[in-house]
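Thanks for coming, everyone. Let me put the model on the screen, and then we will walk through it.

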Amino acid sequence: MQDTASILKDHGIRPSLQRVCVYHYLRGVKTHPTVDEIYMALLPKYPSLSRTTVYNTLELLLENDLAISLDFGDGFLRYDADCSPHSHFKCRKCGKVYDIFIAPPDCTQMIPSGFTLQGTSLYMFGLCDKCAVGEGGLN
């Protein structure tokens, strides 16, 4: 895996300690964390880190196509450093978000003539395998 600071530099972002630690953390987790979750995870090691710095760093990563934000309509954004085409599944019981490595469908045939499609996202909802036990799921 390419060094986090090098990736930031390659995208024209000055790799400050705070930016490196936020991006490194985001690249290393698959939980699709919120700003607060990232902040709380990094705070013990970086006590001078602020929520504002985490938020601003995430916005910078979004602007430079190094992260994506996920909005499941529950009042806060989640973040993912995996920018490859894929979908997301959110369990309605435990709230965990899972990567589904199937790209959203090609929607270019669905949009009106003259429109330019710049991206798609697919959010799926239901019960994960653990929560489906005893809820009428297959397990």
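Helices and strands here are DSSP runs, numbered from the N terminus. With that numbering, Asp65 falls in the loop between helix 4 and strand 1. Bear in mind that this is a predicted model.

Stay with Asp65 for a moment. Its phi is positive, about 55 degrees, although the residue is not a glycine. Is Asp65 buried or exposed? Exposed means over 50% relative accessible area. Asp65 comes in at 61%, so it counts as exposed.

Now the other one, His32. This residue also is not a glycine, and again phi is positive, about 55 degrees. His32 sits in the loop between helix 2 and helix 3. Buried means under 20%. His32 has a relative accessible area of 1%, so it is buried.

His32 also takes us to the cavity. The count comes to 1 cavity of 30 Å³ or more. The volume is about 30 Å³. Which residues line the largest cavity? They are Val29, Lys30, Thr31, His32, Tyr79, Asp80, Ala81 and Asp99. By type, that lining divides into 3 nonpolar, 2 polar and 3 charged residues.

Next, the largest pocket. Its volume is about 220 Å³. There are 14 lining residues, and Pro85, His86, Pro104, Thr120 and Ser121 lie nearest the centre. Strand 1, residues 68-71, supplies the largest share of the lining, 3 residues. The lining has 8 nonpolar and 6 polar residues, and no charged ones.

On to helix 2, residues 17-28. How far apart should its ends be? The helix has 12 residues, and at 1.5 Å a residue it should span 16 Å. The end C-alpha atoms are 16 Å apart, so the model agrees. Its buried residues are Cys21, Val22, Tyr23, Leu26 and Arg27. What covers them includes helix 1 (4-10), helix 3 (35-42), helix 4 (51-63) and strand 2 (77-80).

Last stop, the hairpin. Strand 3, residues 87-91, pairs with strand 4 in the antiparallel sense, over 4 bridges. Phe89 stands opposite Tyr98 in strand 4. Between the two strands there are 5 residues, and in this hairpin Gly95 takes a positive phi near 85 degrees. Strand 4, residues 97-100, has two faces. Val97 and Asp99 form the covered one, while Tyr98 and Ile100 form the uncovered one. Asp99 we have met already, in the lining of the largest cavity.

That is the tour. Over to you for questions.

Conventions
Residues numbered from 1 in each chain as written. Predicted model: local features only at pLDDT ≥ 70, side-chain atom pairs only at ≥ 80, totals over all residues. Heavy atoms only, no water. Expected span 1.5 Å × (residues − 1). Buried < 20%, exposed > 50% of the residue type's maximum accessible area, 1.4 Å probe, protein only. Contact = heavy atoms within 4.5 Å. 1 Å grid on protein atoms, 1.4 Å probe; cavity = no way out; pocket = protein on both sides within 12 Å on 5 of 7 lines; lining within 4 Å. Points joined across faces, edges and corners; volume = space filled by probe spheres on them. Nonpolar A, V, L, I, M, F, W, Y, C, P; charged D, E, K, R; others polar. Pairing = 2+ DSSP bridges.
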